[in-house]
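The following report is intended for a reader who meets this structure for the first time. It proceeds from a single residue to the contact between the chains, and then to cores, salt bridges and backbone features.

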Amino acid sequence: MTMDARMSLSGAAEVCDALSIDIVTDGSGRHIAVPSDEVVAAQMVEAIGSPERPSGARLAPLGTGSSFGWCRPDHDEETLCISTCGMVPEGASGIVEYVPGDGVITAFGGASIAELRNAVRVGGHRLTPAIAGTATLGGVLAAGRSGIDRCAFGPARHHVLGMRVLDGGGRITRSGGRLVKNVTGFDLFRLHVGARGSLGIILEVSMRLMPAPETELIVHSTAFATAAEAVATALEIRADRSVAPKILCVHGTKIVAGLIGRERQVSAARRALEVHVGVSFEESGERAMDELMVEADLGNTIRLSTRPSQCRELAEALESAGIDPSAFRVEPDAALIDVRTDAVREHEAAFMDSVAPKLVQSASTLTLQGSAPRSVSDLARSLSRVAAPQRTWTNRIYTSFDPHGLLRIRGQHQFSA
Amino acid sequence: MSHSPSLSTAALKELVSIVGDRGVLAESTARTAYESDGFMLERESPAVVVLPRSTDEAARAIKVLRREGLIVVPRGAGTGLTGGARPTNGCAVLGTARMREVLEINEVDRYARVQAGVVNVHLTGACKGHGLFYAPDPSSQTACTIGGNVGNNSGGPHCFKYGSTTRHVLDVTIVDSSGEVSVVGDKNADPAGLDWLGPIVGSEGMLGLITEVTVRLVPAPEETETILVMFESLDACCEAVAAMIARRLEPSAIEILDRLTIEAVEASVLRAGYPANAEAVMLVEVEGGAHEVEATSADIVVVAMEYGAFDTRRTTDPAERKRLWAGRKGAFGAMGRIAPDLYVADVVAPRSKMREIIKVATVACNERGLKLSNVFHAGDGNLHPNISYDRREPDEVRRVLEAGRIIMEACVAAGGSLTGEHGVGLEKQGEMCLVFGNEDLAAMHDLRRAFDPDAFWNPGKMIPIHGCPEVQVKPLPIVSP
């Protein structure tokens, strides 16, 4: 550790010590402050940022760390993480309020999304996003992640009803509420979804729940000759109202379709699906969904964000760049393509030759969800369309919400003047 | 005839050169129609009304207005019900009524790009031939504009299934106070940077002028069925809704109308065919595949009868469905038979507390000698307790506003909020402190200042300017897990 880093962290450590906040170091070498509740956390943030007591430390909210690499690529020795899991009472599920009749759940940001999903299943509900792993609710939302249910429900940000956050000035604020329909005040909470913890620490979230369906059937097709052909067929399925899949993706050269709803409707939809594809196998029930969530997790990926009409062409370009279809996953309805970063690295030159021009032509965007080759990072930056007025708004909001620069992510172009 | 006192002749000429003769309303009689929106208790005269035809004209006009030192109040069709589009004295109203073009419909990617002044129902009409429709359907949809819908995050009966406007906006073109134009959001799934689109939707004209919107379109369902369910009590009707939701039935809309509303509708030109002997009717819509619709409709009828419905009527006939819905969507207008004015309260409560709020509203109105009718989006907990009155009677106005406040306070105390779809505007600005504390409101001021540090856009709305008195906010309950 450098001397500067040691001094920065020691200043922050002094603050934590005065507030009886433990600091631990995890297996990845991250220094993590574990405040017991939000009041103490707010005092900590305020003190660390205080002009009378400059510590130089930077802060990063941390759940279980499943998206930390994506959220905080600038993490270094001067960064002190603040654990949100520590603010969930020990042994508790993290649920603040769950009234099944209202179709809403409110939970701590540090609550495990898997535990929350299990808890609402008992009440006959589903929680979005449907992702596997150990993530926290706040972490998933801060990272802007989506799950296999995106085709059915849209992005998770559309189902956030309200939030309480601790901002970089030590201020705890609330926006939205605990209601499925509410237009009281600005939807400030939307800014925090996908902000990667740079505007504040998500303390508590209220989410809309979806009713659990009568039947869930996951159908896996037989293989197509290429991923591009599979994508073309998936788009036809998407357009077929008699199928109306709630999950639709192409992984490898196979289509996976989720038919969800009333039993007779699902049977009819399955018959309609067979007009388009041969069926390799199918599974029903919650376990099928759980397995699909696990399969959907490709690890460290880059994400291409485009339009449905462009998906086929991009899949073709990926294949012609030599990237094996097993290394990418296409969701034609959401128009998202996740490509394993190691596969892109292996075929970097071909990726830049074949895929990059298509991305530019189609006005698609590219998001890095971890580290990536330099050429790809540069490409992501060039494709990003953040206009000058938005940069101005962004700088102003950071001045208000993070006046001492504690939470900002270094090296993000949209934060520069 | 007098023209704008605050604007020089040269500036007026310049505006005319930008937007054309018909785009500048300077005569006092012409400006009268713009003195309020649907919230008729608040009126102010604007200095001028400017009606551009395009983003470019709007941007150039804004530069002139800025230079002349006027503040600007954006306006769609003026159908808002909370004073959000009420001018500030001496301001410029910038209206989108002449920006009515549907610019693009993309069937494969399922979006439409429209100018902000496109009327809501006209957009769905334009999409019909593509097998798509635009889902948010406020009751004023035959008049309200897409830009106005974005400004208010409008809802409507079918947002129970499809969600409010915010779930259907992909991007907006917004003009800021310096006349600079930018596109916020993306037709692609996950735009880069902060989600600025989120707070822009529902910002009530306070962050900039929206001139174009790209909206998500939804595939038209294979089958649609409308069910009219008739009850002898409003209580039983509400209980039936709770039971339907508890059994995970998923209609696309659940609306309730009470007896007074039914009588007004049936006495009007709407004559939807609602039964005269019902204390309440529930209007339910079910959409989807044919089997889905059949199974769900049948289950809904079963639940309704279990909870005391005395009759049900099911129809898939488009003309019959249209008639039934016309009654619901025209209900507020039909109340004009009872009194010249209607205070359309818009509050939202947890679904489990709806009956409690209706009781509070009933008592509050009875105690004040006021006539109350109820129409509500039962699936969302979004209530419209409507009070008929005459705004020429000051004491009646006072009693109406008092009752409105009692209803809002009851909703907030029950875990609800001030508004489900009409917005805060002027009407509920004073009540924001029931829901938010000083720090919460300060953060909203921060957001507003990030866009508009000089308070050029629609100032003095939504967020109280002065701090909240102490001990105003009831903390939300934490239930032991």
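Asn374(B) touches Leu234(B), Ile256(B), Leu257(B), Asp258(B), Thr261(B), Ile358(B), His384(B) and Pro385(B), leaving aside residues up to four places away in sequence; contact here means heavy atoms within 4.5 Å. The residue belongs to strand β18 (residues 371–377) of chain B, where helices (H or I, at least four residues) and strands (E, at least two) are DSSP runs numbered from the N terminus. Asn374(B) counts as buried, at 4% relative accessibility. Buried means under 20% relative accessible area, exposed over 50%, and partly exposed in between, with a 1.4 Å probe and protein chains only.

The model is predicted: local features need pLDDT of at least 70 and side-chain atom pairs count only at pLDDT 80 or more, while totals for chains, interfaces and linings use all residues. Residues are numbered from 1 along each chain as its sequence is written, chains are lettered from A and ligands numbered from 1 in the order in which they are written, and side-chain values use heavy atoms, with hydrogens and water left out.

**The contact between the chains**

Chain A contributes 76 residues to the contact and chain B contributes 94 residues. Together the two chains bury about 7,000 Å², 54% of it on carbon and sulfur atoms; buried area is the accessible area (1.4 Å probe) that two parts lose on being put together, summed over both. Lys181(A), Phe186(A) and Trp393(A) supply 14% of the area that chain A buries against chain B, more than any other three residues.

Seven salt bridges are counted between chain A and chain B, a salt bridge being a side-chain nitrogen of Lys or Arg within 4 Å of a carboxyl oxygen of Asp or Glu. Across the same interface there are 30 residue pairs in polar contact, both residues being at pLDDT 80 or more. A polar contact is a pair of N or O atoms within 3.5 Å; within protein, one must be able to donate a hydrogen and the other to accept it, and residues adjacent in sequence count only if both atoms are side-chain atoms.

Several elements of chain A each supply at least two residues of the side that touches chain B, including β5 (95–99), α8 (227–239) and α15 (388–401). The largest share, 10 residues, comes from α15(A).

**Nonpolar cores**

In soluble globular proteins, nonpolar side chains tend to be buried together. A nonpolar core is a set of buried Ala, Val, Leu, Ile, Met, Phe, Trp, Tyr and Cys residues joined through side-chain atoms within 4.5 Å. The largest such core has 100 residues, of which Ile397(A) and Met282(B) touch the most other members. Helix α8 (residues 234–246) of chain B gives this core its largest share, nine residues. Among the residues that Ile397(A) touches are Leu191(A) and Leu199(A), as well as Leu194(B), Trp196(B) and Ala450(B). Another core, of 50 residues, lies apart from the largest one and includes Val243(A), Ile302(A), Leu314(A) and Ala343(A).

**Salt bridges**

Over all chains the count comes to 68 salt bridges. Four examples follow.

| Pair | Closest N to O |
|---|---|
| Asp333(A) and Arg110(B) | 3.5 Å |
| Lys329(B) and Asp137(B) | 3.0 Å |
| Arg259(B) and Glu263(B) | 3.2 Å |
| Asp452(B) and Arg448(B) | 3.8 Å |

In the pair of Lys329(B) and Asp137(B), the partners come from distant parts of the chain, 192 residues apart: Lys329(B) is in helix α11 (residues 318–329) of chain B, and Asp137(B) in the loop between β7 (132–133) and α5 (146–152) of chain B. Lys329(B) is buried at 18% relative accessibility, as is Asp137(B) at 5%. By contrast, Arg259(B) and Glu263(B) both lie in helix α9 (residues 259–267) of chain B, four residues apart, about one turn of the helix. Arg259(B) is partly exposed at 30% relative accessibility, and Glu263(B) is partly exposed at 41%. Asp452(B) is buried, with a relative accessible area of 1%, and Arg448(B) is buried, with 8%.

**Backbone features**

Thr128(A) and Pro129(A) are joined by a cis peptide bond, with omega about 0°. Pro129(A) is found in the loop between β7 (125–126) and α5 (137–143) of chain A. Arg248(B), a residue other than glycine, has a positive phi near 65°; Arg248(B) is partly exposed, at 37% relative accessible area. The phi of Arg271(B) is also positive, near 35°, and Arg271(B) lies in the loop between α9 and β14 (280–288) of chain B.
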